Structure formats: C-alpha cells, structure tokens
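Dear colleague,

Please find the structure below, handed over for your files. My notes come after it.

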Amino acid sequence: NLRHFSLLNQEFGREAGDNIIRQHYDGLMKIIGKEGYIGRLGGDNFVCLAPKDKINEITEYLNEAVIRIDEYSSVKVPSSVGIFVPDEGFKPKDPGDIMGPIISAMRVAQTAGRGRIIFFNENLMEQRQKNARIQQKLSDALANEEFRPYYQPKVNVKTGESVGGEALCRWFHKDRIIPPAEFIPALEQTSDICKLDLYMLEHVCKEQRAWLDGGEGRILVPMSINFSRKNIMNMDLPNTIERILDKYNIPHDAIEIELTETTNDVEFNDLRRTVTELYAKGISASVDDFGVGYSSLNLLKDIPWTTIKIDKNFVPDEEDGENSVKHKMFCGVLAMAKNLGFKCVAEGVETDSQIRMVRDAGCEIIQGFYYDKPLPREEFEARMVTKKY
Ligand code: C2E
Ligand code: MG
Ligand code: MG
C-alpha cells in the first residue's frame, strides 16, 4: 500500500498521481524482472510475486522510492508492506494461503509507526491463530453471557461524589478474567466488535433497570459505554441504541456513548451523523481518548458532543511543572472545551499530585485508579449510595 497516496493526488492532481503509480510500478518491475509479477488489487494497493533473492533490493526500493514528478519536483513515496517468504516445498491450496499471511503482515505494517515493512513470521502466525480462535469463540461466549460489564466511577473532584461511570468489558472464560486488550483488537478486525458493543449496552441497561427496581428512591448515575468506530457506518445504530434503552425503560440521559476520534473524511461524516442523531434522541456522546488520535478542531466544532474525555497521556503531573507543555495544553484544551459547553473528564488519574494539578486547572470530573479501578457491579453499586471520597 502506498502510504497517504490520496494526499499526493490532492497535492499534484490525479494525472500526476497516475503517473507516480506508473513510475513506481516500473521501478519495482525493473528489480523483480521477468520471473516476477505485480498485480493491482485496487486503488493504491498492489500485490507482487518475486524471486527470493531479490528481497533485499525490493525492500530497499519500497522504503525509499523517490519518484520524479517534473523537472522541478520529486516526491518520496513510502509504502506499508507485508512480506511472506514461504518455506521450501510450500504448496498453497488456495489463494488465501498466500494472501492471508501477506495481509496479516500488511496490517501490522500499516499500524506500525516505524518499520513499515513487515515479514510474516511465527509470532504473526500465532497472533493470527489466536485472533481466529477468539473470533470463533465469540458467538458461544455471547450466548453463554461470558462477557460482563465492570464499572469505573467518574468522580466529582470537589464533592467526592460518583457522578457517573464507564462500563468496561471483562470476559469470564474458563476461570480467567480476560481484559479487553486481549480480545477487542481481534474482534475489531471484523464487524464482530459491533455485536459485543450492543451486548454490553443491553447488559448495562438491564443492570441499570434492576438497580432502579431494587428499592425506593435509588438514583441512577449516567453510565458510558464504549462503541468501536466500526459501528459508525451502520446507519441504524442510533435507532438500535434507542430501542435497547426503551426496551428497559432507561431514561435517555442515563446512557452516554463513547466514541474515539476518526482518521479520515468518510469516517468523520459517519461520526457526525451518528452523534447528531443520538443527540436528537437525547442520548449523549463523548469523545474518548481525546488528544491521542487525529484530533482536529472540526471534531469539536461540527459534532454535538456532551463530554470530552482527555486521554491520560495529556494529564499533567506536578513533576511536569506549571510551565510544562503538558500542563499548558491541558489547561488550554480544558478552557476551550468549557467555553464550548462540553463537560470534561480527565482519564487515567493515578496520583495525589495529578489530582492536585488537574483540580487546580479546573477539571471537575476525574476517572482513574486514584479513586477506583473498574469494579464488579455489586462494588460499584455500593459506591453509588455510600461512598464519598
Ligand atoms: P477506554 O475506553 O479509554 O477505557 C479506559 C481504560 O483505562 C480502561 O482499561 C481502564 O481500566 C483504564 N484506566 C482507568 N483508570 C486508569 C488509571 O488511572 N491508570 C491506568 N493506567 N489505566 C486506567 P480497560 O478496561 O482495560 O479497557 C481498555 C480499552 O478497551 C478501553 O479504553 C476501550 O477502548 C476498550 N473497551 C473496553 N470495553 C469495551 C467495550 O465494551 N467495547 C469496546 N468497543 N471497547 C471496549
Ligand atoms: Mg472509554
Ligand atoms: Mg479512554
């Protein structure tokens, strides 16, 4: 995959873009020779068969391909590359035996900041098999209700009250509690994750309902639920969410949907549509992990969020000092968000010194290990009536 190729198209025009692809192809073809083959999968994605002894030359070329545009300009065209070198005697039974490993390596290459050329190896093979096993287990695990929400309180730093919570998924599988990092990435490779997200919403609503029905005058704190970005191209999502809330008769303002920043225009439009429709139904949405993705000011200008969750990487510590970039950015983002009418939550606050820094900067709501880890339902519910920090 030619990285960021659409930018080159925008910058130099489509004709120059076509020309860049052609030259890039010619350059590669010159190396791999007549025994090799390059096919275009579509857009800026290519697959190439080449003799083994050409690999070094090929990787060097793909790393540094410089293409001349005209007399005055040339551009570097970096690529993300997955390489599969089969063992002697490898006999593929179908195209997937070759494309599978290539695509696995390619996916790693695309997400890697550096090392954009990735060889398929044992580790990747294991990872692939592990992911496949998780994907296979999903429907049974959903049917057997092996996934459960844990709840992490969001605390008002001034009053010490739990003013809300975030539902985080835990997988109870064979006497083990598996954390999301071990299964969410596998589920995000397909739209499987969407099933889990709706399951979580349904379970949280069910538990909120049971809590309300459990006694006189119980208060409900708003609960947020993570929805993977994979969901946002689903045009029915806002209606589906609303239907689940209504099924359990949960007030719309008692549930908040957490979504992360998007990486491109198409996703941005989907995100805006989704959040706008939720907003019209009285269901809030928050930007999760704000700051670490591709935050643009449009994200705040054009989308009716209720809450911004500032990622833990941007939460300052007294050690950083008042003059640190981190502290200044935190205060700046906070001031801007407040001016725009958003609530702010600082995520991942762990220490006294962070608490002081964050509180003095004027951030009122804090979620982090300083107060509580994500808790099983019973423990969280105990907090709701009893605990003030
Ligand atoms: P997130 O939505 O940003 O959730 C916050 C994560 O930070 C949680 O990890 C939480 O346990 C952790 N955390 C909270 N306070 C602290 C702290 O003070 N220090 C540190 N170091 N960490 C803190 P967890 O539960 O392992 O979840 C990880 C991620 O998995 C979540 O990040 C979210 O992106 C994803 N996730 C969890 N449940 C779901 C789900 O049901 N659906 C989807 N799509 N994603 C989920
Ligand atoms: Mg979250
Ligand atoms: Mg977060």
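The notes below cover the metal sites and then a charged patch on the surface.

Please keep in mind that this is a predicted model.

Metal sites

The magnesium ion (ligand 2) has E166 (OE), N226 (OD1), E258 (OE) and D288 (OD) as its coordinating atoms, at 2.0 to 2.2 Å. Along the chain these donors follow the spacing E-x59-N-x31-E-x29-D. E166 lies in strand β8 (residues 162-173) and D288 in strand β12, so this pair ties together parts that are 122 residues apart in sequence.

For the magnesium ion (ligand 3), the coordination comes from D288 (OD), D289 (OD), and E347, which is listed with OE twice, at 2.1 to 2.7 Å. The donor spacing here is D-D-x57-E. D288 in strand β12 (residues 284-290) and E347 in strand β14 (residues 343-347) are 59 residues apart, and the pair links distant parts of the chain.

The two sites share a residue: D288 bridges the magnesium ion (ligand 2) and the magnesium ion (ligand 3), which lie 3.9 Å apart.

As to burial, E166 has a relative accessible area of 3% and D288 one of 7%; both fall under 20%, so they count as buried. E347 is buried as well.

Surface patch

On the surface, E35, D53, E57 and E60 form a patch of negative charge. Of these, E57 sits in helix α3 (residues 55-64). Its relative accessible area is 43%, so E57 is classed as partly exposed.

Regards

Technical notes:
Residues numbered from 1 in each chain as written. Chains lettered and ligands numbered in written order. Predicted model: local features only at pLDDT ≥ 70, side-chain atom pairs only at ≥ 80, totals over all residues. Heavy atoms only, no water. Donors = N, O, S within 2.8 Å, 3.2 Å for Na, K, Ca; no water. Helix = DSSP H or I, 4+ residues; strand = E, 2+ residues; numbered from the N terminus. Buried < 20%, exposed > 50% of the residue type's maximum accessible area, 1.4 Å probe, protein only. Patch = residues over 30% accessible without salt bridge, like charges linked within 9 Å, V, L, I, M, F, W, Y side chains within 5 Å. Areas by Shrake-Rupley, 256 points an atom, 1.4 Å probe, with all protein chains shown as cover. Salt bridge = Lys/Arg side-chain N within 4 Å of Asp/Glu carboxyl O. Lys, Arg positive; Asp, Glu negative; His and termini not counted. Charge placed at Lys NZ, Arg CZ, Asp CG, Glu CD.
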